Amino acid sequence: MLGRVNHIAIAVPDLGIATTMYRDTLGARVSQAQALPEHGVTVVFVELPNTKVELLEPLGPESPIAAFLEKNPSGGMHHICYEVDDIVAARDTLKAAGARVLGDGNPKTGAHGKPVLFLHPKDFNGTLIELEQV
Ligand code: CO
């Protein structure tokens with residue numbers, strides 16, 4: 001079911017500071033900031049030779065990242081995104097195995113314009129997992 005790691009996401013308290021760190025200090029290529037109101041986040045992608053790092057900043061009062069940053073004020077690793085060929089087939093297999101899909105269970109459009117789903121961290125060793133159909 002799983003393909004490549006598409007990205008690793010880090011929640012950050014200040015996207016401007018984090019962008020400067022990755023671009024100027026770490027010397028990585030960093031995308032423009034992109035607001036994703038449907039997901040309650042603003043994102044920046046750090047482009048690495050073998051994968052991407054997604055920096056997430058809360059957007060709006062209902063942001064799912066806000067509570068995470070309250071517990072982790074300096075930021076922290078938030079989720080890992082794996083690629084799948086067929087997100088609906090993956091979801092159905094996982095649900096049949098007892099895994100919980102977050103939200104209403106239907107894929108949403110992610111930062112790359114492709115369908116994504118999130119899986120409950122308690123079912124995956126404490127790690128929030130995003131699946132992206134590529
Ligand atoms: Co992500």
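These are my notebook entries on a metal site, a listed domain, one helix residue and two pockets.

**Entry 1: the model.** I am working from a predicted model.

**Entry 2: the cobalt ion.** I looked up which protein atoms hold the cobalt ion. I found His7 (NE2), Glu54 (OE), His79 (NE2) and Glu130 (OE) as its protein donors. They lie 2.0 to 2.3 Å from the ion. Along the chain I read their spacing as H-x46-E-x24-H-x50-E. I then placed two of these donors. His79 sits in strand 6 (residues 76-84) and Glu130 in strand 9 (residues 128-133). The pair is 51 residues apart and links distant parts of the chain.

**Entry 3: the angles.** I checked the geometry next. The four donor atoms around the cobalt ion subtend angles of 85 to 172°, so I noted the arrangement as irregular.

**Entry 4: buried or exposed?** I looked up two of the donors. His79 has 3% relative accessibility, so it counts as buried. Glu130 has 5%, so it counts as buried too. The cut-off for buried is under 20%.

**Entry 5: the listed domain.** I turned to the UniProt record. Its unreviewed entry lists "domain: VOC" for residues 4-134. In the model, the end C-alpha atoms of that span lie 10 Å apart. I noted 22% helix and 37% strand for the span.

**Entry 6: Ala96.** I found Ala96 in helix 3 (residues 87-96). Ala96 counts as exposed because its relative accessibility is 71%. I also looked up its separation from Gly126. The two are 30 residues apart in sequence and 20 Å apart in space, C-alpha to C-alpha.

**Entry 7: the largest pocket.** I noted a volume of about 760 Å³ for the largest pocket. Its lining has 34 residues, and the closest to the centre are Pro64, His78, Leu102, Phe118 and Leu128. Which element gives the most to this lining? I found that helix 2 does, with five residues. Other elements that each supply at least two residues include strand 4 (41-47), strand 5 (52-58) and strand 8 (115-119). Strand 6 and strand 9 are also among them. By class I listed 16 nonpolar, 11 polar and seven charged residues.

**Entry 8: the second largest pocket.** I noted about 150 Å³ of space here. The lining has 13 residues, with Val12, Pro13, Asp14, Ala18 and Ser74 nearest the centre. Strand 1 (5-11) and helix 1 (15-25) each supply at least two of the lining residues. Helix 1 has the largest share, four residues. By class I listed nine nonpolar, three polar and one charged.

Note on methods:
Residues numbered from 1 in each chain as written. Predicted model: local features only at pLDDT ≥ 70, side-chain atom pairs only at ≥ 80, totals over all residues. Heavy atoms only, no water. Donors = N, O, S within 2.8 Å, 3.2 Å for Na, K, Ca; no water. Tetrahedral: all angles 85-135°; square planar, octahedral: opposite > 155°, others 65-115°. Buried < 20%, exposed > 50% of the residue type's maximum accessible area, 1.4 Å probe, protein only. UniProt positions renumbered as here; feature names shortened; annotations may be inferred. 1 Å grid on protein atoms, 1.4 Å probe; cavity = no way out; pocket = protein on both sides within 12 Å on 5 of 7 lines; lining within 4 Å. Points joined across faces, edges and corners; volume = space filled by probe spheres on them. Nonpolar A, V, L, I, M, F, W, Y, C, P; charged D, E, K, R; others polar.
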